[in-house]
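Here are my notes on the ligand sites, as promised. Have the structure open while you go through them.

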Amino acid sequence: MEANVPKRKETRKSLRIKVISMGNAEVGKSCIIKRYCEKRFVPKYLATIGIDYGVTKVQVRDREIKVNIFDMAGHPFFYEVRNEFYKDTQGVILVYDVGQKDSFDALDAWLAEMKQELGPHGNMENVVFVVCANKIDCAKHRSVDESEGRLWAESRGFLYFETSAQTGEGINEMFQTFYSAIIDLCDNGGKRPPSSVGVGFTKEQADAIRRIRNSKDSWDILGVKPGATRDEVNKAYRKLAVLLHPDKCVAPGSEDAFKAVVNARTALLKNIK
Ligand code: GTP
Ligand code: MG
């Protein structure tokens, strides 16, 4: 027993982890890493060719961790190069550009690529994912709002941060929380600790918010057919109001969705006898 003591102390102190970055080309993956590791920003776009690899030592809580960072190229052309780097990863930095909706829509495809490369025995459950909604300094061009990004991330049990590699906003906080969650994962034998899995809202709530956000008119928002009766409208309204009431629903975007439901009902009832 005695002999185990120093060994346990040593493993607690130094930890070696592997982290990868994922996301479309030009969303700012390399700049986020550079901002954190080198405290600088390069405005000129230098596409990553295949993979950039770096090692860095960081201090998180009372632990020193050695991080192997594999910064992947986002361009589809490099698929063959990056596909072998997905395995044995403890953390993924998943990045999109808040001004490029297609880079947000592509997040699912990135997860699918990783899942495919890990194969049937790979386990994405026990990897810490952090989503970076990057380039928030370009507020004028923003096309994906915070609640939409946060909902996508948190409904999957992922961390979410708003970042700017240019100004540095959110970067340190993101990395500290990310590394901290990876330490918790490693301390828990490589499994996501149960406390980090619960998201505080249901899939039904998340789906309803997404559906309402994409609705084209009031009928659509309430999920009733044009020409529905007052009763049908009220029934649909009550169901959604209970599901999304801000006192009961903590999902990102629930307040806006609730308001949309209230307004849709008011608008429809005005015109139904
Ligand atoms: P690939 O390596 O091709 O996959 O791209 P990447 O995701 O690594 O993008 P990179 O970090 O090279 O950044 C792409 C471009 O966006 C560069 O011109 C950066 O200067 C710019 N950029 C990155 N982050 C930010 C940011 O937070 N704000 C602004 N305004 N520009 C940024
Ligand atoms: Mg890059």
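1. A word on terms before the contacts: a polar contact here is a pair of N or O atoms within 3.5 Å. Keep in mind, too, that this is a predicted model.

2. Start with ligand 1 and K135: a polar side-chain atom of K135 lies 3.0 Å from an oxygen atom of the ligand. Y45 also uses a polar side-chain atom, at 2.5 Å from a ligand 1 oxygen. With C31 the contact comes from the backbone, where an N or O atom is 2.8 Å from an oxygen of ligand 1.

3. How much of ligand 1 does the protein bury? Taken alone, ligand 1 exposes 660 Å², and 93% of that is buried by the protein. As for where to look, ligand 1 sits in the largest pocket.

4. The surroundings of ligand 1 comprise 25 residues, and those that come nearest are K29, Y45, G74, D137 and A165. Helix α2 gives the largest share of this shell, with 3 residues.

5. Now the magnesium ion, ligand 2. Its protein donors are S30, through OG, and T48, through OG1, lying 2.0 to 2.1 Å from the ion. S30 belongs to helix α2 (residues 29-38) and T48 to the loop between α2 and β2 (51-60), so the two donors tie together parts that are 18 residues apart in sequence.

6. Are those two donors buried or exposed? S30 is partly exposed, at a relative accessible area of 23%, while T48 counts as buried, with 11% relative accessibility. The cut-off for buried is under 20%.

Conventions:
Residues numbered from 1 in each chain as written. Chains lettered and ligands numbered in written order. Predicted model: local features only at pLDDT ≥ 70, side-chain atom pairs only at ≥ 80, totals over all residues. Heavy atoms only, no water. Donors = N, O, S within 2.8 Å, 3.2 Å for Na, K, Ca; no water. Helix = DSSP H or I, 4+ residues; strand = E, 2+ residues; numbered from the N terminus. Buried < 20%, exposed > 50% of the residue type's maximum accessible area, 1.4 Å probe, protein only. Near = heavy atom within 4 Å. Polar contact = N/O pair within 3.5 Å; in protein donor to acceptor, adjacent residues only side chain to side chain. Areas by Shrake-Rupley, 256 points an atom, 1.4 Å probe, with all protein chains shown as cover. 1 Å grid on protein atoms, 1.4 Å probe; cavity = no way out; pocket = protein on both sides within 12 Å on 5 of 7 lines; lining within 4 Å. Sits in = over half its atoms within 2 Å of the grid points.
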